[in-house]
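The following text walks through one structure, taking a surface feature, a helix and the relation between the chains in turn.

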Number of protein chains: 2
Amino acid sequence: MPWAGRDARVSRLRPQPPEDLPTREDLLLAAAYVLDAQYNRNVPFETSPQAIRLYYFYKHWTTQVATYFFICVDLALALFEEPALFPLPFLATSIAEILCLTAFFGRLIHFAKITPQMVFWKDTKNICIMVTIVLTLIDLIIYGSLESINVRSVRWSRALRPVFLINFPESRQIRRAFRSLWNTLPDILYVFLLFMFSVLMFSLMALKLFGDRGLKTAEGSPYFENILEIAFELYVLVTTANSPDIMMPAYDFNWWYSLYFIIYIIINTYIFMSVFLAVVYNNYRKHLKNEIRKLAYLKHHKMIAAFNVLKVKVGTEFVVEEAHWRQLAQVVAPDMSSAHLELLLRISDEGQKGHVDKMNFLQLPDLLNIQVVTINIKRHPLEAWMPRVYQSSASLLVQKMVRHRIFVWIFDVIILINAIFIALDEKKPLISYAEWLFLSLYIIEILLKLYTYEPRAYFEKNQFWNWFDTLIIIAALVATVANATIQSAREYNSQQILDIVLILRILRLLRVIVSIWRFRVIVTTLINIRPVMLTFGGLVFVVYYVFAIVGMEVFHGKVRFFNLNFTAPDALVCGNPALQGSAFARGRYCKNNFNDLASAFTVLMELTVVNQWHVLANGFALVTHQAAKLYFILFHIVVVILIVNIFIAFALEAFFVAYSLEKSEVETAIEKKIQELGVGIQEEELQDGKLTDHVDTKDHGLHGDDGDNKRKALKGLYCRIASKKYRTVDTLLQQMFESEIAPEDEGPSLDEILNFSPSDICPKNPNFENSA
Amino acid sequence: MPWAGRDARVSRLRPQPPEDLPTREDLLLAAAYVLDAQYNRNVPFETSPQAIRLYYFYKHWTTQVATYFFICVDLALALFEEPALFPLPFLATSIAEILCLTAFFGRLIHFAKITPQMVFWKDTKNICIMVTIVLTLIDLIIYGSLESINVRSVRWSRALRPVFLINFPESRQIRRAFRSLWNTLPDILYVFLLFMFSVLMFSLMALKLFGDRGLKTAEGSPYFENILEIAFELYVLVTTANSPDIMMPAYDFNWWYSLYFIIYIIINTYIFMSVFLAVVYNNYRKHLKNEIRKLAYLKHHKMIAAFNVLKVKVGTEFVVEEAHWRQLAQVVAPDMSSAHLELLLRISDEGQKGHVDKMNFLQLPDLLNIQVVTINIKRHPLEAWMPRVYQSSASLLVQKMVRHRIFVWIFDVIILINAIFIALDEKKPLISYAEWLFLSLYIIEILLKLYTYEPRAYFEKNQFWNWFDTLIIIAALVATVANATIQSAREYNSQQILDIVLILRILRLLRVIVSIWRFRVIVTTLINIRPVMLTFGGLVFVVYYVFAIVGMEVFHGKVRFFNLNFTAPDALVCGNPALQGSAFARGRYCKNNFNDLASAFTVLMELTVVNQWHVLANGFALVTHQAAKLYFILFHIVVVILIVNIFIAFALEAFFVAYSLEKSEVETAIEKKIQELGVGIQEEELQDGKLTDHVDTKDHGLHGDDGDNKRKALKGLYCRIASKKYRTVDTLLQQMFESEIAPEDEGPSLDEILNFSPSDICPKNPNFENSA
């Protein structure tokens with residue numbers, strides 16, 4: 001009964017008189033629940049005082065960063081092991097690996113200390129990590145002992161390394177993506193089988209139709225004479241990589257045969273690939289909704305648990321005292337400003353009754369998740385310093401000019417001219433001088449803006465586009481100066497630095513995006529769906545890593561790249577006579593090899609892009625064995641059919657959410673409350689630099705209603721939602737489901753919640769008591 | 001006031017006593033409204049008796065088929081005009097074209113006769129057709145007169161021919177797809193501009209990074225030295241068609257440069273292409289919902305109009321007499337069986353009060369849209385003919401065997417063995433004999449099934465899979481017999497017939513799909529979304545046709561294909577020295593030309609598949625001018641970026657609807673009513689051959705309730721919904737919105753409905769009176 005301790009304390013708490021302050025332990029326990037709810041963790045923990053302290057240490061950023069550091073080191077080891085980009089002796093890498101394993105093991109022990117035993121051992125994540133640690137140790141020992149007697153064996157456990165990345169509780173998103181993938185498999189399997197059946201049917205037809213005709217491909221090799229080769233070629237045609245070459249011999253022979261290929265492409269490329277996308281997408285949506293629903297209910301449960309720890313009875317209902325609430329908030333968010341805290345309390349304790357009721361208490365994580373920016377409306381420093389000059393008519397004219405649309409347009413034209421100058425040959429002195437002119441114009445622009453707008457407001461944390469603009473110009477300044485320095489020194493010894501300088505100079509053209517509103521919207525949307533993209537990046541990285549390790553073991557050294565100046569006859573066949581006359585050698589693909597991790601990743605990237613993947617597959621099949629094609633087909637199935645479709649599903653869903661944010665301007669209940677309190681300021685108004693005007697109007701409008709009381713308490717404090725960025729797909733979906741859960745409704749039991757999806761791990765505890 | 005006549009009559013009708021039968025004209029008018037509502041037409045018409053008769057003639061299948069025939073002839077003319085697949089003199093094609101134009105004009109006049117003038121002239125469809133007719137005539141005259149003085153000019157009006165296909169009222173779906181496309185354009189434009197900006201930024205970077213290095217491509221041509229060429233190459237890279245070749249020279253030079261290409265591909269290929277898909281999809285959904293909502297409201301309006309024509313007052317409410325309802329149904333669906341009519345009346349007149357109330361009357365189009373199959377449960381003919389033999393224990397054993405699962409499995413194994421035999425060389429006599437064995441086994445299987453199941457039930461109209469199975473075997477039988485005949489005659493003079501025979505023999509393997517349930521589900525889903533695919537096919541056809549005509553005018557004769565046996569030196573460069581050494585000639589792409597309509601369509605298909613499209617573009621640019629690349633880029637933008645994404649949006653939405661049908665088994669209200677009346681039979685039960693058992697149970701279950709009355713009236717009649725096929729995306733969405741419109745609610749005014757989307761054309765009539 002891991003929860004028995006807490007339950008006992010909850011019942012102990014209930015009869016307490018309202019004036020009793022909760023103990024420090026109770027506060028920490030409640031805060032832990034709130035933190036879990038805020039960050040959607042579902043790690044249950046022991047409730048002994050020591051466990052709570054360990055819990056806080058476990059969640060501390062230092063231990064988390066340390067864990068990620070060791071995961072990175074472990075994964076990076078593949079760069080230093082044979083076949084290595086930067087070779088290190090086996091002893092060094094194995095010591096580093098053992099260090100990492102020790103760290104992982106320590107982290108696991110730490111986790112075990114704060115988790116009830118029963119829960120810990122039921123969690124497949126923990127079992128996975130332990131098994132992987134043991135397997136890696138066994139592999140290290142075997143490889144080490146074989147190495148000592150000079151027998152080279154395979155370091156197979158390296159392919160298991162991403163297990164650590166996936167299975168630590170912090171990588172929830174990647175794990176969820178993998179679960180989506182896994183849950184999609186049964187549904188996609190039948191479609192895949194039907195698809196393979198269709199490919200085989202067409203192969204058989206091709207064999208019968210074209211096999212006996214003695215046709216030749218453009219390279220002169222026999223055309224469609226072997227059923228296995230036909231099946232491979234037709235599979236490649238599904239990926240469109242050998243279209244139209246594969247069709248040409250038959251088409252040249254008889255016009256009607258093109259119909260065979262057209263029907264094949266319509267059925268297998270267009271229809272089946274759409275079915276794959278539809279199945280993956282459908283499953284992804286279904287699964288995502290289920291997970292989010294579960295998270296919403298779990299959060300609700302945790303907040304009720306926190307409420308039960310702190311509640312006291314006032315009148316007929318249980319509430320949380322304002323003092324306790326304050327203490328809790330300070331523990332949960334230690335670096336929150338007191339003004340911010342005051343605002344949250346105002347929102348939570350609407351009637352200013354001195355306590356927070358249950359419904360408002362449950363909203364706490366959402367309140368904490370909203371980045372509220374406290375704005376101190378200040379005068380421009382120049383205005384404070386020399387008001388006469390700043391308010392003079394000349395100065396006001398300048399300010400008016402800068403705020404005008406034409407000012408923006410003029411600089412757009414300047415950027416355009418600059419782009420043309422960059423495209424022209426920079427060797428001419430005129431153009432090189434023009435560089436300095438453009439740069440000074442840009443700097444003048446920034447200075448004028450800083451003169452017009454309040455600098456602290458302009459460079460506020462969430463003014464993304466102002467930062468973007470300024471950073472690009474500073475980078476360009478640095479680049480141009482560096483370029484001039486290097487050129488005057490006439491020493492072009494560092495190619496990389498020069499390249500970076502070049503790129504930075506071109507990047508300044510990105511400023512066009514800032515001034516075209518529709519472009520800014522698109523880019524903001526893209527930035528908003530960044531978390532989704534990052535999750536997807538993690539997923540791809542894991543799959544790439546496993547395939548890269550396997551590929552390096554199988555193919556390394558088979559294909560070699562010779563420096564371009566090296567004129568050995570082997571250079572043209574990549575050091576392997578088997579490639580003589582192959583499309584691989586003809587395409588000069590020698591550098592596409594598996595001789596180190598970086599090269600392997602590049603090859604896998606090319607395979608993901610799909611085009612010419614059959615040339616790579618055939619090349620590596622020639623230098624090893626025909627069965628090597630299976631590696632490439634498997635990669636195609638996993639990455640292109642499954643993962644790219646998951647990516648499209650991810651991206652589409654994210655875009656739709658982002659669009660609906662952009663267009664319908666959903667205002668959540670919390671934002672409304674801030675507005676009701678009269679302390680909210682719209683972001684747009686701020687950007688236009690009309691802040692002071694707005695505040696005046698606000699003041700005026702508020703005098704009418706009973707807001708004076710509130711106003712007094714919050715005098716001088718203006719808040720606004722930092723941006724809409726916090727509303728990611730997850731948050732939005734979660735809010736959607738949360739609005740469906742009534743605050744008094746306890747929701748389904750924990751058991752039911754956990755049965756939403758059998759693959760998620762959480763404590764099963766029939767004694768979980770909801771004593772509201 | 002085009003509606004004045006009807007409105008006057010409606011008010012005339014109202015005070016009539018209930019026993020008055022409506023006139024024939026009123027019936028026809030009401031039936032016309034119902035037909036419009038049933039098929040979602042929104043063509044308003046004059047209400048004079050003559051106009052109604054013309055309306056029925058206009059909607060008659062003969063005139064519709066005639067219209068489509070002339071459209072086909074008009075479009076097919078491109079096959080016979082220079083550059084022609086089957087050349088005909090200009091006089092012949094021009095006479096045919098004038099005939100077609102006359103037919104179109106006649107159809108338009110016919111439409112004008114039944115449409116109020118004001119409405120007719122506001123409809124852009126009609127204007128479009130007229131303008132196109134005039135332009136075509138002008139073009140014909142100019143071309144004809146220039147031809148007579150031997151000057152060859154351009155028949156530019158040929159590209160306008162698809163206008164007739166799109167703009168006739170019957171092609172609503174294609175028009176809607178075009179409208180979706182059109183409405184998407186403004187949103188996609190900004191994304192496209194940002195995308196082009198990104199491509200140009202990267203081009204500039206590539207020029208600066210790689211331009212001065214003196215690198216060479218694998219073919220030895222200069223690498224990235226001209227900004228326009230770089231932009232084209234990078235645009236091609238977005239389509240992945242030149243990956244990884246375009247990267248290799250830079251990658252060989254320095255490992256780090258691969259990062260440039262990887263970032264480029266991630267941003268431009270993956271992210272931007274996803275944004276395009278998301279924008280198109282988002283717009284498609286938005287627009288579709290709007291259109292469907294409009295249709296639902298219009299349908300509602302029309303049904304109220306029909307109700308108003310026929311209504312009589314009974315007690316306090318207006319209703320339609322049963323006799324009138326019957327007459328109406330007979331006019332609307334003349335070939336409906338009386339049993340079916342009786343069922344619909346039972347559903348509409350629930351209380352058997354002798355009249356149909358408004359709410360039920362409005363449902364009429366839905367009732368008519370449901371294909372109800374009347375099942376006469378009969379004994380097996382053999383049982384009737386010789387009951388003793390059929391019911392003997394041996395016969396029953398056979399029937400039991402055939403119904404058993406193992407029977408299906410045995411034949412699956414046989415098909416598998418057959419597939420292996422087909423793959424083997426058929427020249428061996430053993431295998432050729434085995435063919436006959438397999439064929440006789442299949443025929444025995446069919447005969448056994450017909451022995452076990454009732455043949456009329458087995459070959460019922462909607463037993464798709466039984467038909468599929470039988471047709472394949474009959475085709476295989478024909479094929480094998482034909483093959484044997486041809487082989488014994490030893491005259492292989494018709495290659496096509498032999499090829500068809502070969503394909504038919506292989507197609508019989510498709511029978512595997514029938515016996516694997518999951519495969520059947522997938523194929524059924526695909527068949528269900530057929531209307532969506534066909535619409536899309538129409539869209540693609542129109543775009544292809546226009547591009548093909550333009551391509552034929554620009555590129556015809558520039559590239560020629562020489563027969564393979566012809567050994568002229570020109571054959572290798574496609575008869576054009578400009579192609580010497582080009583990838584186009586090296587790939588033997590000579591047959592990819594625009595020398596006739598069929599070839600042009602094949603080339604466009606290859607361009608749609610994308611791979612190697614840059615080779616084709618470069619080839620045609622070499623034989624004409626660099627600007628020719630614009631044709632190919634435009635085709636890529638229109639077809640791959642817009643239309644293929646529309647297709648994916650179409651397909652995804654259709655799949656989701658089909659999935660939700662498959663999984664959640666939505667039963668509409670109408671189906672429930674059929675079930676309530678106790679005359680419904682589930683499709684699945686029928687397929688298992690357990691029909692009689694089921695009916696017995698049903699009988700038994702019904703004795704308890706008050707269904708006896710109903711049962712008597714419908715004795716011997718069992719109905720079932722033919723299949724779920726009728727529930728297409730449209731139908732489902734429409735039902736969704738219809739359920740939101742209360743029957744008593746008149747919905748928004750016609751004006752409001754029409755303002756849902758400004759692009760749809762319909763009469764604006766403020767006098768439209770809803771006198772309920």
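In this predicted model, helix α7 of chain A, residues 124-148, gives the most to a nonpolar patch on the surface, with 6 residues. The patch as a whole is formed by Trp121(A), Ile127(A), Val131(A), Val134(A), Leu135(A), Ile138(A), Ile142(A), Val154(A) and Trp156(A), and together these residues have about 770 Å² of accessible area. An α-helix has 3.6 residues a turn, so residues three or four places apart point the same way.

One of the patch residues, Val154(A), lies in the loop between α7 and α8 (162-167) of chain A. Its relative accessibility is 43%, so Val154(A) counts as partly exposed, the class between buried, under 20%, and exposed, over 50%.

Helix α5 of chain A covers residues 90-114. At 1.5 Å a residue, its 25 residues should span 36 Å, and the end C-alpha atoms are 37 Å apart, which agrees. The buried residues of α5(A) are Thr93(A), Ser94(A), Glu97(A), Cys100(A), Leu101(A), Phe104(A), Arg107(A), Leu108(A), His110(A), Phe111(A) and Ile114(A). Among the elements of chain A that cover these buried residues are α3 (49-59), α4 (61-76), α6 (117-122), α7 and α8. Helix α7 thus appears both in the cover of α5(A) and in the nonpolar patch.

The last point concerns the two chains. Chain B is superposed on chain A by a rotation of 180° with 0.0 Å of shift along its axis, at an RMSD of 0.1 Å. The two copies are therefore related as by a two-fold rotation axis. Of the interface residues of chain B, 100% are also interface residues in chain A, so the copies meet through the same surface.

How values were computed:
Residues numbered from 1 in each chain as written. Chains lettered and ligands numbered in written order. Predicted model: local features only at pLDDT ≥ 70, side-chain atom pairs only at ≥ 80, totals over all residues. Heavy atoms only, no water. Patch = residues over 30% accessible without salt bridge, like charges linked within 9 Å, V, L, I, M, F, W, Y side chains within 5 Å. Areas by Shrake-Rupley, 256 points an atom, 1.4 Å probe, with all protein chains shown as cover. Salt bridge = Lys/Arg side-chain N within 4 Å of Asp/Glu carboxyl O. Helix = DSSP H or I, 4+ residues; strand = E, 2+ residues; numbered from the N terminus. Buried < 20%, exposed > 50% of the residue type's maximum accessible area, 1.4 Å probe, protein only. Expected span 1.5 Å × (residues − 1). Contact = heavy atoms within 4.5 Å. Least-squares fit on C-alpha atoms with pLDDT ≥ 70 in both.
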